[in-house]
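Reader: I am new to this structure and would like to learn how to read it, one feature after another. Could you take me through it slowly?

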Amino acid sequence: MRARIEGLSLWRALLMLAGIALHATMGREDYPPFAAINIASAAFRMGTFFTISGLLTGFALLRRSDSRPWLRTRLVRLGVPLIVGLGLIFPAMALVTGAGLGRLWTCNPHHLWFLIALILYTLAGHALWRSKRVSRLFDRIERHVAGGGHLQARLVLLAGLLSFLLIMLVMPIRMRVPPEWQPLARSLPLVAGYAPLFLLGLAMARAPVLRRALVGDRRLPVAILLGGAAITMAWHWGLWPAMSDTRLFWWGGLIELACAAWCPPAATALILRSALAIRRVPPLLAQLGEASFTMYLLHYPIILAVKTVAHPWHIGPWIEFDLALIVGGGLSYLVHRLGVERSATLAWLLNGRGMPTRPAAGPAVMAKPV
């Protein structure tokens, strides 16, 4: 398998952009088509995103003999947009909703929690990557696992089990957080639970045998995704009679957590197979991929503003959804194309890219004729 997989970055961008469609359902989550979008997103979108991010992180580390400069650059690229994004989002939401700014600061970081998670995963993954014990472990994996049977099933089941257990362990901790800080703590179980998925991606970059095993057969991933979809639909739409009993309501949360744990590795297997078949990314998709980080960073307050203006008019869920998607996605895309791509300052603030330095002035040298 190639050391660099064209199409992985595109898939990561598409999973990020799908979050704009998810947030365009804000306030209409009970509408059945939008409920399906929310269910699908909760089941595999962010978990798959983190698995691919771990794999791409591993590929980046493989290309460097000294990973410390890469780590510093990576933390800047994640940390600066996080700080700027929080500085933009809270004032913008205070302006749109009329809420006090102090109250908003106690809310959760909304969609930017993924940057906090990526910073934590990057630090942990880098430490493990440099560990000699972990290096010896991967050497043993390469020697002894290559011929093992059912490796794909073991990878999916183990990664899902670790993810599920971490979510369940952190959930009680989150419930003990004071009520005023509950929104801020809402993402803690997911931050903990998605860590094994990021590390699975990192491990697949370090040990190609694991990548080959995960994409070896599509039947198991398809079965897991179809099974998760069937069980979740049965719960949410009352197709499973026992689940309609309010005494068993807690089963619904358990089903959702199980899907969030086991569906991402299965989805990653199918996405990897798709990414391996991509040889050329169409220009439009390439442009969207380049803009995806900026778009995801900025779209949330825009969509909230559209929703706030449109709601009193009762224009219908689909029109409201389309407006939020077009305006939120379109304006944030324009900011990237007209701002980030043309301004080193905006590229630094919104994408964490280093501002270019001017070359030192030197004596003019006359060009020689050729």
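Author: What follows is a conversation about the helices, the surface, the pocket, the cavity, the cores and a few single residues.

Reader: Before anything else, what kind of model is this, and how many helices and strands does the protein chain have?

Author: This is a predicted model, and every value we discuss is computed from it. The protein chain has 16 helices and zero strands, and in the chain of 370 residues 45% count as buried.

Reader: How should I read the contacts in the protein chain, and what share of those with a separation of 6 or more comes from residues 24 or more positions apart?

Author: The idea is to ask how far along the sequence two touching residues lie from each other. In this chain, 81% of the contacts with a separation of 6 or more are between residues 24 or more positions apart.

Reader: Turning to the outside, how much area does the protein chain expose, and what do carbon and sulfur atoms supply?

Author: The exposed area can be split by the kind of atom that supplies it. Here the protein chain exposes about 19500 Å², and 68% of that comes from carbon and sulfur atoms.

Reader: What is the volume of the second largest pocket, and which residues lie nearest its centre?

Author: A pocket can be described by its volume and then by the residues that line it. The second largest pocket has a volume of about 1100 Å³, and its lining is made of 34 residues, with Ser9, Arg12, Leu56, Arg74 and Arg77 nearest the centre. At least two lining residues come from each of α1 (8-23), α2 (32-62), α3 (68-97), α5 (113-130) and α14 (283-310). By class, the lining of this second largest pocket divides into 17 nonpolar, eight polar and nine charged residues.

Reader: And how many cavities of 30 Å³ or more are there, and which residues line the largest cavity?

Author: A cavity, unlike a pocket, is a space from which the probe cannot get out. The count comes to one cavity of 30 Å³ or more, and about 30 Å³ of space lies in the largest cavity. Its lining consists of Leu15, Met16, Arg45, Met46, Phe49, Phe114 and Tyr296. Helix α2 gives the most to this lining, with three residues, and by class the lining has six nonpolar, no polar and one charged residues.

Reader: Where do nonpolar side chains tend to be in soluble globular proteins, and which members of the largest nonpolar core touch the most other members?

Author: In soluble globular proteins, nonpolar side chains tend to be buried together. In this model the largest nonpolar core has 78 residues, of which Leu8, Phe50, Phe114 and Leu210 touch the most other members. Helix α14 provides the largest share of this core, ten residues. A second, separate core has six residues, among them Trp70, Leu71, Trp129 and Leu202. To return to Leu8, and leaving out residues up to four places away in sequence, this residue touches Ile52, Leu55, Leu56, Phe59, Leu272 and Ala275.

Reader: Is Leu112 buried or exposed, and which residues is Leu112 in contact with?

Author: The relative accessible area decides this, and a residue under 20% counts as buried. Leu112, in the loop between α4 (101-105) and α5, counts as buried because its relative accessibility is 0%. Apart from neighbours within four places in sequence, Leu112 is in contact with Leu82, Gly85, Leu86, Ile89 and Leu297. Leu112 and Tyr296 are 184 residues apart in sequence, while their C-alpha atoms are 8.7 Å apart in space.

Reader: What about Thr57: where is its place, and is Thr57 buried or exposed?

Author: Thr57 has its place in helix α2, and at 6% relative accessibility Thr57 counts as buried. Not counting residues up to four places away in sequence, Thr57 touches Trp70, Arg74, Phe198 and Leu202; Trp70 and Leu202 also belong to the second, separate core.

Reader: Lastly, where is the place of His314, and what is notable about its phi?

Author: His314 has its place in the loop between α14 and α15 (317-340), and its phi is near 55 degrees, a positive value in a residue other than glycine. His314 counts as exposed, at 64% relative accessibility. By comparison, Thr308 is found in helix α14 and is partly exposed, with a relative accessible area of 38%. The C-alpha atoms of Thr308 and Gly27 are separated by 9.8 Å, although these residues are 281 residues apart along the chain.

Technical notes: Residues numbered from 1 in each chain as written. Predicted model: local features only at pLDDT ≥ 70, side-chain atom pairs only at ≥ 80, totals over all residues. Heavy atoms only, no water. Helix = DSSP H or I, 4+ residues; strand = E, 2+ residues; numbered from the N terminus. Buried < 20%, exposed > 50% of the residue type's maximum accessible area, 1.4 Å probe, protein only. Contact = heavy atoms within 4.5 Å. Areas by Shrake-Rupley, 256 points an atom, 1.4 Å probe, with all protein chains shown as cover. 1 Å grid on protein atoms, 1.4 Å probe; cavity = no way out; pocket = protein on both sides within 12 Å on 5 of 7 lines; lining within 4 Å. Points joined across faces, edges and corners; volume = space filled by probe spheres on them. Nonpolar A, V, L, I, M, F, W, Y, C, P; charged D, E, K, R; others polar. Core = buried A, V, L, I, M, F, W, Y, C linked by side-chain atoms within 4.5 Å.
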